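User: Hey, can you walk me through this one? I'd like to start with how the chains meet.

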Amino acid sequence: MDFNLDEFLAWVGEDIDTLMMLIWILPVIIFVFYGQRIQLLISSNEIKKDIGKLEDYTASTKKDFLNYVKNNLTSKTDPSKKLDSFFDYFTIMPVDMDPNGIISKINHLVRSREDFIRLQINGMFSDLSSVELSKLQNLLEIVTTLQLFYKHTRHLYLTAKKQKNFPLILPLQMMIPFIMEEAVALKDAMPAIKKGQPIGDSIGPMIVGQMMLNTTKELAAFETVWSKTTFEDRDLFLLKAEGPNATVGRPGDGFEKIISNKKPDLVIMIDASLKLEGEDSASIAKGFGAAIGGIGTERFKIEEIATKNQIPILALVVKQSIHEAITLMTQEIADKANTVREELYQMIRENTASGQTILVIGVGNTIGVSQ
Amino acid sequence: MSKSKNKLSTCYTSLECNSCKILKKRKFIDEDFVFSFSENCSDCDGKMMVTKIFGVIMD
């Protein structure tokens, strides 16, 4: 039968409802049977682009790290192969079916890993200073974390694609903006760490470090120093990580040592804190409780000692984004140091009386900040 | 210099003389770290202490 366009148009003109029905029903049928696949296709294209970026970040930071090692350090043998094996190191967290005592297990695990990496890196290079060693540990951590992000994101994406499982890609679609934000921050942190420049997180150690000037510093714990000073008839104990190393120190152990010497009446912790969306960068906030991030073991220790000895803990934080916290300190944040110090003194005046003792802890990575 | 989203950050060092308290700002050099005495004061016999190291973002 020959198709006649004129006849067809005439028929359409007479029965427009039939054509409209066809136009509506076809997409409905397509979406009923292929809707999930279309959605998977659109979502996966966006995720694929981000995975590509994660791969680039991993490769570029790895290259950057190895170039830094080759150009700045003297090694007995070629360090590339050994360092390359470190990138794939993983940590198996302790069993949490019975959470009793898990903190000490995590603490042991994390410290063992740190000690192992430190020992291995130290053995690879000759005349390695403590600052350089801590910088290498930080750089290695950046590359390892980026590699972990890349591998896990790619795994979830490929599994969803392989099984054509749309619900599996949904959590990844929700999480990817946060993963990318952290990945960009980690990538951008490399130059500051390599040059030993302070990062946003160094604001706490910078404030306490200034207060420590012209005092006698003693070792409180591994990579952690403390000293004594006075303020308006009160004793101040100051505690921070040992700078200018790229380290957060061990403030929990430091607190334990100080308390065995003399029990403070108040603990004030100064730290950088992640700002909420809509909050201003470098804004100052005051609160209660232990202001310290990380895996949670240091906070647990500080909270435990404070509870056992009935010592109140106050917090003073400088708000910043994840990018600002781990990249070169911005002028806005650096300029807040004096204001935070004034707030600290006001906090001491309002919450303690003459003759009392206050422990001030500058929490954060003290890279590029001495005392 | 770090580059992110087409933004370039240049690192500066702020210094203060421990004697005449004069303030100075210059570009960061590799030996700088906060609270180190990196150079002599150009105005008096004092030593310049690094008080801040920070990045300034230029679009």
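User: How many residues of chain B are in contact with chain A?

Analyst: Keep in mind that this is a predicted model. In it, 16 residues of chain B are in contact with 23 residues of chain A.

User: And which strands of chain B supply at least two residues of that side?

Analyst: They are β1 (2-4), β2 (7-17) and β5 (47-58) of chain B. The largest share comes from β5(B), which gives 5 residues.

User: What's the split into nonpolar, polar and charged there?

Analyst: On the side of chain B that touches chain A, you get 9 nonpolar, 5 polar and 2 charged residues.

User: What about chain B by itself, how many helices and strands?

Analyst: Chain B has 0 helices and 5 strands, so to read its elements from the N terminus on, just say β-β-β-β-β. Of its 59 residues, 25% count as buried. If you take the contacts in chain B with a separation of 6 or more, 48% of them are between residues 24 or more positions apart.

User: OK, over to chain A. Which domains does the assignment give?

Analyst: Domain 1 (39-195) and domain 2 (200-362). Their centres, taken over C-alpha atoms, are 28 Å apart. The contact takes 18 residues from domain 1 of chain A and 12 residues from domain 2 of chain A.

User: Which helix gives the most on the domain 1 side?

Analyst: That's α6(A), with 9 residues. Helices α4 (102-124), α5 (130-162) and α6 of chain A each supply at least two. By class, this side of domain 1 has 10 nonpolar, 4 polar and 4 charged residues.

User: Now the largest nonpolar core. Which residues touch the most other members?

Analyst: The core has 83 residues, and A:Leu238, A:Leu239, A:Ile268, A:Met269, A:Ile270 and A:Val360 touch the most other members. Helix α6 (residues 166-195) of chain A gives the most to this core, with 9 residues.

User: Why does this core lie between domain 1 and domain 2 of chain A?

Analyst: Because both domain 1 (39-195) and domain 2 (200-362) of chain A give residues to it.

User: Can we zoom in on A:Ile270? What does it touch?

Analyst: Leaving out residues up to four places away in sequence, A:Ile270 touches several residues, among them A:Gly204, A:Ile207, A:Val208, A:Val340, A:Leu344 and A:Val360.

User: A:Val340 and A:Leu344 are in α12(A), right? Which residues of that helix are buried?

Analyst: Yes, and the buried ones in α12(A) are A:Ala337, A:Val340 and A:Leu344. Seen down the axis of α12(A), its buried residues fall within an arc of 60 degrees, so they line one face of the helix. On the other side, A:Asn338, A:Glu342, A:Gln346, A:Arg349 and A:Glu350 are exposed.

User: What do the buried residues of α12(A) pack against?

Analyst: Quite a list: α7 (203-212), β4 (266-274), β5 (284-288), β6 (313-320), α11 (331-334) and β7 (357-362) of chain A.

User: And how far does α12 of chain A reach?

Analyst: Helix α12 (residues 337-351) has 15 residues and reaches 21 Å from its first C-alpha to its last, close to the 21 Å expected at 1.5 Å a residue.

User: Last one: is α7(A) mostly covered or mostly exposed?

Analyst: Mostly covered, with 9 of its 10 residues buried. The buried ones include A:Ile203, A:Pro205, A:Met206 and A:Met212. Just after α7(A), A:Asn214 takes a positive phi of about 65 degrees.

Conventions. Residues numbered from 1 in each chain as written. Chains lettered and ligands numbered in written order. Predicted model: local features only at pLDDT ≥ 70, side-chain atom pairs only at ≥ 80, totals over all residues. Core = buried A, V, L, I, M, F, W, Y, C linked by C-beta atoms within 7 Å. Buried ≥ 20, exposed ≤ 12 C-beta atoms within 10 Å, placed from the backbone. Helix = DSSP H or I, 4+ residues; strand = E, 2+ residues; numbered from the N terminus. Domains from an automatic or database assignment. Contact = placed C-beta atoms within 7 Å. Nonpolar A, V, L, I, M, F, W, Y, C, P; charged D, E, K, R; others polar. Expected span 1.5 Å × (residues − 1). Arc of directions from axis to C-beta.
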